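Trainee: Got a few minutes? I'd like to go through the ligand site and the pockets with you.
Mentor: Sure, pull it up and ask away.

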Amino acid sequence: PGWFSEISPMWPGEAHSLKVEKILFQGNSEYQKVMVFQSSTYGKVLVLDGVIQLTERDECAYQEMIVHLPLCSISNPKKVLVIGGGDGGVLREVSRHSSVEQIDICEIDKMVVDVSKQFFPDVAVGYEDPRVTLHIGDGVAFLKAVPEGTYDAVIVDSSDPIGPAQELFEKPFFESVARALRPGGVVCTQAESIWLHMHIIEDIVKNCRQIFKGSVNYAWTTVPTYPSGVIGFMLCSTEGPSVDFKHPVNPIDANDSQSKSKGPLKFYNSEIHTAAFCLPSFAKKVIEPK
Ligand SMILES: NCCCN[C@H]1CC[C@H](NCCCN)CC1
């Protein structure tokens, strides 16, 4: 018992805290410290190198938005690649789309997969879908080996730029994602907080505008247990059939045949999809084209 505080140089001078009931797991993987604790009010919590990755209470917001913002923006997604996302929550959401035939996931840290299956069964349920193939390895290397134009969608569910995910925020990685996507294919990446990381976001937007010749948009949502209480997403499409991210052409409704086994959508709906692209003026100024 006591408190867990998320202190990091990535958000200097502030720290979100959660009351701890019991520490359930602590270990060192090849890449990072892994911890799971039972919180008093947010369910179980997954922490990597001292940074909160997800809590049972609010993970639905992040997992549903990072998946349905891209997949509901294209008709008939068939082949989807997930980079990161080892907890399986993104897989759970992708598998709600009955048009999807193939789901590849490349996660660098096997301990994250094993710990999620053991402590977060309702998140790791995504691995049970027969369309899923798990690759343990570095997403950068994985993408280099992918034939050009393979995927309809790529979802980059990464941790933050300090640690194993650092190269997932750099230009060569975005170039390899663009090459792996078909014309008019879409990518959605975890893109930090407009309150904390406007410079990182500015850099990512600049790189994406050079690399993705379709559309480049920034969306955001609320996740109470991420620093500043919000998290953003870069949504980009490659040259080809145009993609209008702000108006979903492929809406997912609560009774989509695949979503029965995953429980109902708790957060995402078509209105919040469109609203997610509305930005405060200080962010519009940096993110939207001049
Ligand atoms: N599938 C859930 C993984 C969540 N990925 C990230 C975990 C770290 C988190 N830090 C937020 C830092 C402030 N923007 C961002 C999402």
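Trainee: How many residues surround the ligand, and which are the closest?
Mentor: There are 16 of them, and the closest are Asp87, Asp157, Ser158, Asp160 and Glu192. Keep in mind that this is a predicted model.

Trainee: How does that shell divide into nonpolar, polar and charged?
Mentor: You get 6 nonpolar, 6 polar and 4 charged residues around the ligand.

Trainee: And which strand and helix each supply at least two residues of the shell?
Mentor: Strand S5, residues 51-55, and helix H1, residues 59-71.

Trainee: OK, polar contacts. How far is a polar side-chain atom of Asp157 from a nitrogen atom of the ligand?
Mentor: That one is 2.7 Å for Asp157. Gln63 has a side-chain N or O atom 3.1 Å from a ligand nitrogen. For Tyr62, a polar side-chain atom lies 3.5 Å from a nitrogen of the ligand.

Trainee: What percentage of the ligand's accessible area does the protein cover?
Mentor: The protein covers 99% of it, where the ligand on its own has 450 Å².

Trainee: So what is the space taken by the ligand, a cavity or a pocket?
Mentor: A cavity, and the largest cavity at that.

Trainee: Switching to the pockets, then. What volume does the largest pocket have?
Mentor: About 210 Å³.

Trainee: How many residues line the largest pocket, and which lie nearest its centre?
Mentor: The lining has 15 residues, with Glu59, Arg92, Asp122, Lys262 and Lys266 nearest the centre. By class, that lining divides into 9 charged, 4 nonpolar and 2 polar residues.

Trainee: Which helices each supply at least two residues of that lining?
Mentor: H1 does, along with helix H2 (89-94) and helix H4 (121-124). The largest share comes from H1, with 3 residues. H1 also supplies at least two residues of the shell around the ligand, so keep an eye on H1 when you look at either site.

Trainee: And how much space lies in the second largest pocket?
Mentor: About 160 Å³. Its lining has 15 residues, and Met10, Leu48, Asp49, Val51 and Ile162 lie nearest the centre of this second largest pocket.

Trainee: What classes make up that lining?
Mentor: The second largest pocket is lined by 7 nonpolar, 6 polar and 2 charged residues. For the largest pocket, remember, the charged count was 9.

How values were computed:
Residues are numbered from 1 along each chain as its sequence is written. This is a predicted model: local features need pLDDT of at least 70, side-chain atom pairs count only at pLDDT 80 or more; totals for chains, interfaces and linings use all residues. Side-chain values use heavy atoms; hydrogens and water are left out. A residue is near a molecule or strand if one of its heavy atoms lies within 4 Å of it. A polar contact is a pair of N or O atoms within 3.5 Å; within protein, one must be able to donate a hydrogen and the other to accept it, and residues adjacent in sequence count only if both atoms are side-chain atoms. Accessible areas come from the Shrake-Rupley method with a 1.4 Å probe; for residues, only the protein chains shown count as cover. On a 1 Å grid over the protein atoms alone, a cavity is a set of points where a 1.4 Å probe fits but cannot get out, and a pocket is an open set with protein on both sides within 12 Å along at least five of seven lines; lining residues have an atom within 4 Å of a point. A molecule sits in a cavity or pocket if more than half of its atoms lie within 2 Å of its grid points. Helices (H or I, at least four residues) and strands (E, at least two) are DSSP runs, numbered from the N terminus. Ala, Val, Leu, Ile, Met, Phe, Trp, Tyr, Cys and Pro count as nonpolar, Asp, Glu, Lys and Arg as charged, and the others, Gly among them, as polar. Grid points are joined across faces, edges and corners, and a volume is the space filled by probe spheres set on the points.
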